[in-house]
Structures are given as structure tokens and as C-alpha cells.
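Here are a few exercises to work through with the structure open beside you. Try each one yourself before you read its solution.

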Amino acid sequence: MPSKQEKLTPTQARRLREAIAEEEAAMEATKAQAREYLARMQTIEKVVETLTAARLARGLSGAETARRMGVDRSLVSRLEAAPHSPTLDTILAYAKAIGTDVRIAVVDEKTGELVEAA
């Protein structure tokens with residue numbers, strides 16, 4: 001037989017509502033962080049895809065690119081295999097090794113307008 005359900009006191013009910021609200025706020029913050037991380041990873045992935053396409057268009061092998069970078073071939077393989085988060089130094093070295101350059105534009109998050117350096 002089901003047991004008799006206990007009623008919460010007003011204080012207990014308030015505390016429960018507050019705890020639920022805190023948990024919901026924490027979940028929303030986590031979702032926002034996950035969306036930001038995903039956006040960063042997609043940007044990095046697009047840069048790497050563009051660089052890889054440029055390497056292939058130039059007829060360079062991964063081994064030759066690695067030699068020009070002064071690294072092991074496995075680093076080039078890892079760089080070209082998503083998902084991961086290479087350092088900016090690695091991306092710039094890769095770009096130089098394949099005869100390209102990476103330029104970064106700083107834009108206003110709300111308007112999308114280019115932010116000029118002072």
C-alpha cells in the first residue's frame with residue numbers, strides 16, 4: 001500500500017523552489033558555455049579545413065608540410081584531424097609551411113563590424 005504523502009512546510013517548499021531555481025540557472029549557464037565552446041571549435045575547424053584545402057591545392061604532402069614546419073608528420077595528421085584545439089602558434093606555423101598566412105579579424109560581437117586597433 002502506498003504510504004501517506006507528507007506535506008512540506010511553507011519554509012521547506014520555499015527552499016525547494018529556490019534549490020530548483022538555482023539548479024535551473026546552473027544548467028542554463030552550462031548550456032551557454034557549451035554553445036560558446038562549440039562555436040569556437042567550429043571556427044577552429046573551419047580554419048583548419050581551409051588550410052588543409054590550401055595545402056592539397058598546392059600539391060604538398062603532409063610529410064613535406066611537417067618537414068617545413070620542423071615537426072613530426074603525426075603533428076600534421078593530428079592538426080588536420082578534427083575535433084581538437086590546436087594552438088595559434090601551430091596554426092600559424094602550418095600556414096607558413098604551406099605558403100599562406102592567417103589573418104585574424106576582430107569584430108564587434110553585436111554588430112559584426114570590424115574593430116580597429118588603436
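**Exercise 1: Leu92 and its patch**

Leu92 sits in helix α4 (helices are DSSP runs of H or I, at least four residues, numbered from the N terminus). A heads-up: this is a predicted model, where local features need pLDDT of at least 70, side-chain atom pairs count only at pLDDT 80 or more, and totals for chains, interfaces and linings use all residues. Residues are numbered from 1 along each chain as its sequence is written, and side-chain values use heavy atoms, with hydrogens and water left out.

Task: work out how Leu92 is classed by its relative accessible area.

Solution. Start with the cut-offs: buried is under 20% relative accessible area, exposed is over 50%, and partly exposed is in between (1.4 Å probe, protein chains only). Leu92 has 34%, so it is partly exposed.

**Exercise 2: Ala54**

Task: decide whether Ala54 is buried or exposed, and find which residues it touches beyond four places away in sequence.

Solution. First, place Ala54: it belongs to helix α1, residues 10-57. Next, its relative accessibility is 16%, so Ala54 counts as buried. Then look for contacts (heavy atoms within 4.5 Å): Ala54 touches Ile98 and Thr100.

**Exercise 3: helix α2**

Task: find which residues of α2 (62-69) are buried, and what they pack against.

Solution. Step one: the buried ones are Gly62, Thr65, Ala66 and Met69. Step two: they lie on the same side of α2, because they cover an arc of only 100° around the axis (taken from the directions from the helix axis to the C-beta atoms). Step three: these buried residues pack against α1, α3 (73-80) and α4 (88-97).

Terms used:
Helix = DSSP H or I, 4+ residues; strand = E, 2+ residues; numbered from the N terminus.
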